[in-house]
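Trainee: Got a minute to go through this one with me? I'd like to start with the cysteines.

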Amino acid sequence: MVNTIQEAATHASYIVAYNIAKNNKALSDGEFVKQCMLQVCDVLCPDKKNNFQTVSLSRKTVTSRIEAIDKNLTSHLESKIGQFKFCSIAMDESTNINDTAQLVLFIRGVDENFEITEELACMRSLKGTTKGSDIFREFQEGLLTLKVPITNICNITTDGAPNMTGKKSGFLGLFNQNYPGNNVVFLHCVIHQDALCKSALNMKPVLDAVVKLVNTIRSRELTHRQFRDFLHSVPSEYSDVLYYTKIRWLSAGCVFERVWQLKDDIVSFFHEKQCSVECEMLEDTEWLSDFAFFTDLLCHMNNLNIKMQLKNQFIHDIWAHLKAFKLKLNLFAG
């Protein structure tokens with residue numbers, strides 16, 4: 001019985017550690033979770049408190065549990081990769097909020113039983129420059145860690161940036177130089193192409209006005225606090241406006257939709273502060289027509305983007321999403 005309780009306590013410890021890691025919580029939160037568990041136990045089942053006491057959730061324990069889970073998942077993925085007959089790689093390089101460039105590799109492979117596995121392979125930090133040589137080096141080290149045979153790779157999809165697609169010093173050129181005679185097909189990610197379509201829209205005047213309005217509200221501490229209090233007093237379905245981030249695909253659509261939903265409250269707020277000049281465009285019928293059009297269109301583009309990011313899709317599934325969207329555009333034009 002003692003062994004069973006100890007095994008159950010260890011299992012519970014792994015479950016909590018897994019959820020802490022999955023939800024990006026602090027490792028020290030395990031101790032807080034245990035404290036809550038014991039207090040709940042005092043109310044519901046005080047006779048079982050000793051069992052809950054045996055669940056170790058110290059910071060050190062949670063760290064070791066997460067490391068063990070990571071090793072297990074990596075081992076499982078390596079085993080799957082070892083059975084692949086063919087595989088494809090999708091890679092993207094972006095910068096996080098700490099200005100550290102991150103290279104993300106996704107792998108999708110099929111074994112002899114035609115079972116398909118699609119997983120995040122690794123994420124590599126680029127500490128210095130993000131040249132093609134830097135990306136190629138991290139790519140090699142990532143594949144070496146997971147023991148991915150180069151000969152099994154049939155396709156590599158990139159974001160289409162020059163450091164990826166350059167034929168001499170870019171990732172593509174360095175790959176072909178180091179692995180001559182390979183049969184790898186390089187493709188430009190269709191999701192990035194969808195995002196680039198937004199650049200064809202002449203929405204800069206509207207976007208600039210919306211971004212300026214959001215920054216006016218959020219960049220001044222007093223104004224921001226007053227605006228949030230105003231929305232709370234109305235009351236409003238939303239508690240704030242959203243910042244626009246250029247490199248995030250869904251950002252513009254989300255910002256436009258939020259401002260559109262709050263446009264009447266924003267006008268009332270600035271009139272109350274006697275700063276109507278800040279929101280004069282929200283009372284301009286012609287500007288509002290353009291704003292409404294771009295809000296609807298970006299909302300539909302965001303929905304398309306999300307559909308194409310779903311897991312376990314084949315090219316015909318993505319093509320079906322694109323074809324349906326093109327038909328919608330014809331309806332919109334009519």
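Mentor: Happy to. Let's begin with C275, which is partly exposed at a relative accessible area of 28%. Keep in mind that this is a predicted model.

Trainee: Why is C275 not bonded to the closest cysteine sulfur?

Mentor: The closest cysteine sulfur belongs to C279, and it sits 8.9 Å from the sulfur of C275, which is too far for a bond.

Trainee: And C45, what's the nearest cysteine sulfur there?

Mentor: That of C41, 3.8 Å away, and C45 is in no disulfide. The cut-off for a disulfide is 2.5 Å between the sulfurs.

Trainee: Is C45 buried or exposed?

Mentor: C45 is partly exposed, with a relative accessible area of 23%.

Trainee: So how many disulfides does the count come to?

Mentor: Zero.

Trainee: OK, switching to charges. How many salt bridges does a search of the whole structure find?

Mentor: Ten. A good one to look at is R124 with E141, where the closest N and O atoms are 2.6 Å apart.

Trainee: Where do R124 and E141 lie?

Mentor: R124 is in strand β3, residues 116-126, while E141 is in helix α5, residues 132-146. The pair therefore ties together parts that are 17 residues apart in sequence. As for accessibility, E141 is partly exposed at 35% relative accessible area.

Trainee: Which residue does E138 form a salt bridge with?

Mentor: R137, with the closest N and O atoms 3.6 Å apart. E138 counts as buried at 9% relative accessibility, whereas R137 counts as partly exposed at 37%.

Trainee: What about D240, which partner does it have?

Mentor: D240 forms a salt bridge with R218, and their closest N and O atoms are 3.9 Å apart. D240 lies in the loop between α10 and α11 (251-272) and R218 in helix α9, so this pair links parts that are 22 residues apart in sequence. D240 counts as buried, at 8% relative accessibility, and R218 is partly exposed, with a relative accessible area of 25%.

Trainee: Which residues do shared partners join into one network?

Mentor: R124, D134, R137, E138 and E141 are joined into one network by salt bridges that share partners.

Trainee: You mentioned R218 in α9. At what angle do α9 and α10 pack?

Mentor: About 95 degrees, with their axes 6 Å apart. Helix α9 covers residues 204-218 and helix α10 residues 221-233. The two are therefore roughly perpendicular to each other.

Trainee: Which residues make the contact?

Mentor: On the α9 side T216, I217 and R218, and on the α10 side T223, H224 and F227. The residues of this contact divide into two nonpolar, three polar and one charged.

Trainee: Let's move to α7. Which residues are buried there?

Mentor: In helix α7, residues 171-178, the buried ones are F171, L172, G173, L174 and F175.

Trainee: And what covers the buried residues of α7?

Mentor: The cover includes strands β1 (84-95), β4 (153-158) and β5 (185-188), along with helices α5 and α6 (162-165). You've already met α5 as the helix that holds E141.

Trainee: Backbone next. Which residues does a cis peptide bond join?

Mentor: V234 and P235, with omega at about -10 degrees. P235 is found in the loop between α10 and α11, and D240 lies in that loop too.

Trainee: Which residues have a positive phi although they aren't glycine?

Mentor: N24 is one of them, with phi at about 60 degrees. N24 is found in the loop between α1 (2-22) and α2 (29-44), and it counts as exposed at 71% relative accessibility. F114 also has a positive phi of about 60 degrees. F114 lies in the loop between β2 (101-111) and β3.

Trainee: Is F114 buried or exposed?

Mentor: F114 is exposed, with a relative accessible area of 72%.

Trainee: Last one: where does E237 lie?

Mentor: In the loop between α10 and α11. E237 is exposed, at a relative accessible area of 69%.

Trainee: And what separates the C-alpha atoms of E237 and Q6?

Mentor: They are separated by 48 Å, and the two residues are 231 residues apart along the chain.

Definitions and conventions. Residues are numbered from 1 along each chain as its sequence is written. This is a predicted model: local features need pLDDT of at least 70, side-chain atom pairs count only at pLDDT 80 or more; totals for chains, interfaces and linings use all residues. Side-chain values use heavy atoms; hydrogens and water are left out. Axes are lines fitted to C-alpha atoms, for helices over the stretch in contact, and angles run from 0 to 180 degrees between N-to-C directions. Helices (H or I, at least four residues) and strands (E, at least two) are DSSP runs, numbered from the N terminus. Angles under 35 degrees count as roughly parallel, over 145 as roughly antiparallel, 65 to 115 as roughly perpendicular and the rest as oblique. Contact means heavy atoms within 4.5 Å. Ala, Val, Leu, Ile, Met, Phe, Trp, Tyr, Cys and Pro count as nonpolar, Asp, Glu, Lys and Arg as charged, and the others, Gly among them, as polar. Buried means under 20% relative accessible area, exposed over 50%, partly exposed in between (1.4 Å probe, protein chains only). A salt bridge is a side-chain nitrogen of Lys or Arg within 4 Å of a carboxyl oxygen of Asp or Glu.
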